[in-house]
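Here is a short briefing to read with the model open beside you. Have the sequence and the 3D view to hand as you go.

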Amino acid sequence: MKIKKIILLFGTVFLLNTMLTGCSNGSESAVQTEEKQADEALPGELNDVPLNENNENAEDSQENAAGKWQILEPDIAAAVDADFLGKVWKIEEDSFFIAEKKVKILDDGSLSYSSPSSKAVLPDSQLIHVIFDENTSFYMKTMDGNEESHAYKECGFQDLKEHMSVEMKGSFKNDTFYPTEIRFF
């Protein structure tokens, strides 16, 4: 009887020890993976560019590197002549919120746009705050009855309405977009 208890106790200790060893190896592995990812994400190592060599575009993109929202990829930005696209969702006294408008370049070179329906209910976490200043330029697209022919006329923030599409130049800082130019239609 005593031998059975000792064997049972020994088996339980052995099993617990094995479980603890297995758990600690997994935790160390996860920590090592996180450290490896953090090491890989160092700006100087990714591009082989010295850290002290700053240009304006690199500085802007790094300011929101950990943020949820990022400016458009360079090839898409060049195709749409904007840094970010959106759909006006809420307008406040001196700023507004947009829903992201996605754009892709298709195989044939044409552009494909997608944005949420104007009737959709979006949580605030999916909206991007846009804060402008007195130096921000506003332009409204005008059509001459022909989709190919359009021009922009200078206007102001008061001309902006909910659910309008916006094309903006500027940058993100802490997941807030600071535009230098806003075009809408």
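What follows covers the nonpolar cores, strand β1, the lysine K87 and a network of salt bridges.

This is a predicted model, in which local features need pLDDT of at least 70 and side-chain atom pairs count only at pLDDT 80 or more, while totals for chains, interfaces and linings use all residues. Residues are numbered from 1 along each chain as its sequence is written, and side-chain values use heavy atoms, with hydrogens and water left out.

**Nonpolar cores**

- The largest nonpolar core has 20 residues, and F84, F96, I98, L160, V166, M168 and F184 touch the most other members. A core here is a set of buried Ala, Val, Leu, Ile, Met, Phe, Trp, Tyr and Cys residues joined through side-chain atoms within 4.5 Å.
- At least two residues of this core come from each of β1 (84-91), β2 (95-100), β5 (127-131), β6 (137-143), β8 (165-173) and β9 (176-184). Strands (E, at least two residues) and helices (H or I, at least four) are DSSP runs, numbered from the N terminus.
- A second, separate core of seven residues includes L72, I76, V80 and V103.
- As general background, nonpolar side chains tend to be buried together in soluble globular proteins.
- Beyond its neighbours within four places in sequence, F84 has contacts that include W69, L72, I98, I128, V166, M168 and F177. Contact means heavy atoms within 4.5 Å.

**Strand β1 and its partners**

- Six of the eight residues of β1 are buried, so this strand is largely enclosed by the rest of the structure. Buried means under 20% relative accessible area, exposed over 50%, and partly exposed in between (1.4 Å probe, protein chains only).
- β1 runs antiparallel to β2, with five bridges joining them, and a hairpin of three residues connects the two strands. Strands count as paired if DSSP finds at least two bridges between them.
- Within the β1–β2 pairing, G86 has E100 of β2 as its bridge partner.
- β1 also pairs with β8, in the antiparallel sense over four bridges; there, K87 is matched with S165 of β8.

**A buried lysine, K87**

- K87, in strand β1, is buried yet has no salt bridge, and the nearest side chain of opposite charge, E162, is 11 Å away. For charge, Lys and Arg count as positive and Asp and Glu as negative, with His and the chain ends not counted.
- What does the side chain of K87 meet instead? A polar atom of it lies 2.8 Å from the backbone oxygen of P116, and a polar contact of 3.2 Å joins it to the side chain of S118. A polar contact is a pair of N or O atoms within 3.5 Å; within protein, one must be able to donate a hydrogen and the other to accept it, and residues adjacent in sequence count only if both atoms are side-chain atoms.

**The salt-bridge network**

- The structure holds five salt bridges, each a side-chain nitrogen of Lys or Arg within 4 Å of a carboxyl oxygen of Asp or Glu.
- D81 and K169 meet at 3.0 Å, N to O. D81 lies in the loop between α4 (74-80) and β1 and K169 in β8, so this pair ties together parts 88 residues apart in sequence.
- R183 bridges to E167, with the closest N and O atoms 3.1 Å apart, and both residues are buried.
- Salt bridges that share partners join D81, E167, K169, E181 and R183 into one network.
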